[in-house]
Amino acid sequence: MNLILLEPSDFAGAADVAVLRGRRFQHIVDVHKAEVGDTLKVGVLQGQIGEGVVIERGEQHIALTVSLHRAPPPPLPLNLILALPRPKMLKRTIQHATALGVKALYLINAYRVEKSYWQSPWLAEDKLREQCLLGLEQAVDTTMPAIFLRKRFKPFVEDELPDIAAASRKLVAHPVTDTPCPVDICEHTTLAVGPEGGFIPYEVEKLQAAGFESVHLGPRILRVETALPVLLARLFPGR
């Protein structure tokens with residue numbers, strides 16, 4: 001936890017004093033081993049980043065005086081369209097995407113996405129939020145991404161995607177193409193990433209009809225949780 005992420009409800013009394021319990025309290029005690037007078041890096045969800053000075057440490061809570069003075073890191077100029085990963089990979093993928101600065105994520109269906117994946121309890125709003133918070137804490141960020149679930153591929157690509165991707169560069173990661181993924185682009189981008197095994201030809205054709213250009217990462221076939229950070233690191237290095 002590189003950032004102690006605070007929520008407005010933590011400020012129950014004075015406007016600049018946050019009281020923490022539960023997981024964050026335990027982390028501060030067990031990992032940071034913070035005592036009264038120690039300073040921790042903190043940020044308010046959807047707000048600014050700064051420092052929190054420990055003013056009280058109890059058996060089940062810790063109180064911090066909070067001073068905020070800088071904005072969170074800028075978001076990636078990206079809409080991410082991602083075929084729903086298998087449940088055990090979903091958690092890591094959400095964390096990685098959040099830590100890398102993705103703020104608009106569409107989880108979509110595809111032919112190679114098993115129907116059972118959509119029944120995963122990890123798709124519940126509170127579970128997705130939990131993984132996003134872990135990603136924000138890792139990256140020292142406070143801006144929560146928006147995650148949208150779309151269970152029908154064709155209606156999404158035909159009816160919604162044109163508006164989502166309007167005025168952006170449109171790319172689909174696809175191993176069967178001659179065009180390498182571009183590097184260090186300076187424009188807003190909509191990136192589509194398929195499931196394990198990739199999008200089927202019909203899906204690639206539908207995306208191409210919507211203006212998407214197929215790009216590859218080289219001869220190696222990568223898992224989604226590996227391919228996503230590689231793609232974003234190539235497209236937006238240093239961001």
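In the predicted model, helix H6 (residues 224–235) contributes the largest share of the lining of the largest pocket, namely three residues. The lining comprises 21 residues in total, and those nearest the pocket centre are Ala 173, Pro 175, Ile 221, Leu 222 and Ala 227. By residue class, the lining of this pocket consists of twelve nonpolar, six polar and three charged residues. The space enclosed in the largest pocket amounts to about 340 Å³.

The second largest pocket holds about 160 Å³ of space. Its lining is formed by Glu 125, Leu 128, Arg 129, Cys 132, Met 144, Pro 145, Ala 146, Ile 147 and Leu 149. Two or more of these residues come from each of helix H3 (125–139) and strand S8 (146–150). The greatest contribution to the lining of the second largest pocket is that of H3, which supplies four residues. Seven of the lining residues of the second largest pocket are nonpolar and two are charged, while no polar residue is present.

Side chains of opposite charge can pair when their charged atoms come close. Eleven salt bridges were found in a search of the whole structure. In one of them, Asp 10 is paired with Arg 24, with a separation of 2.7 Å between the closest N and O atoms. Asp 10 is located in the loop between strand S1 (4–6) and strand S2 (17–20), whereas Arg 24 belongs to helix H1 (residues 22–32); the salt bridge therefore ties together parts that are 14 residues apart in sequence. Asp 10 and Arg 24 are both buried.

A salt bridge is also formed between the side chains of Glu 35 and Arg 57, at an N to O distance of 3.2 Å. This pair links distant parts of the chain, 22 residues apart: Glu 35 is in the loop between H1 and strand S3 (39–44), and Arg 57 is in strand S4 (residues 49–57). Glu 35 has a relative accessible area of 44% and is partly exposed. Arg 57 is likewise classed as partly exposed, at 34% relative accessibility.

Glu 160 and Arg 150 make a salt bridge in which the closest N and O atoms are 2.8 Å apart. Because Glu 160 lies in helix H4 (residues 153–164) and Arg 150 in strand S8, the pair ties together parts that are ten residues apart in sequence. Both partners are partly exposed: the relative accessibility of Glu 160 is 29%, and the relative accessible area of Arg 150 is 23%. Elsewhere, Lys 154, Glu 158 and Lys 206 are joined into one network by salt bridges that share partners.

Thr 142 is positioned in the loop between H3 and S8. The relative accessibility of Thr 142 is 0%, so this residue counts as buried, the limit for that class being under 20%. A polar atom of the Thr 142 side chain lies 2.6 Å from the backbone oxygen of Gly 47. Beyond its neighbours within four places in sequence, Thr 142 is in contact with Leu 3, Leu 5, Gly 43, Val 44, Leu 45, Gln 46, Gly 47, Gln 48, Ile 49, Pro 72 and Leu 136. Gly 47 thus appears among the contacts of Thr 142 and also provides the backbone oxygen that lies 2.6 Å from the Thr 142 side chain.

Note on methods: Residues are numbered from 1 along each chain as its sequence is written. This is a predicted model: local features need pLDDT of at least 70, side-chain atom pairs count only at pLDDT 80 or more; totals for chains, interfaces and linings use all residues. Side-chain values use heavy atoms; hydrogens and water are left out. On a 1 Å grid over the protein atoms alone, a cavity is a set of points where a 1.4 Å probe fits but cannot get out, and a pocket is an open set with protein on both sides within 12 Å along at least five of seven lines; lining residues have an atom within 4 Å of a point. Grid points are joined across faces, edges and corners, and a volume is the space filled by probe spheres set on the points. Ala, Val, Leu, Ile, Met, Phe, Trp, Tyr, Cys and Pro count as nonpolar, Asp, Glu, Lys and Arg as charged, and the others, Gly among them, as polar. A salt bridge is a side-chain nitrogen of Lys or Arg within 4 Å of a carboxyl oxygen of Asp or Glu. Buried means under 20% relative accessible area, exposed over 50%, partly exposed in between (1.4 Å probe, protein chains only). A polar contact is a pair of N or O atoms within 3.5 Å; within protein, one must be able to donate a hydrogen and the other to accept it, and residues adjacent in sequence count only if both atoms are side-chain atoms. Contact means heavy atoms within 4.5 Å.
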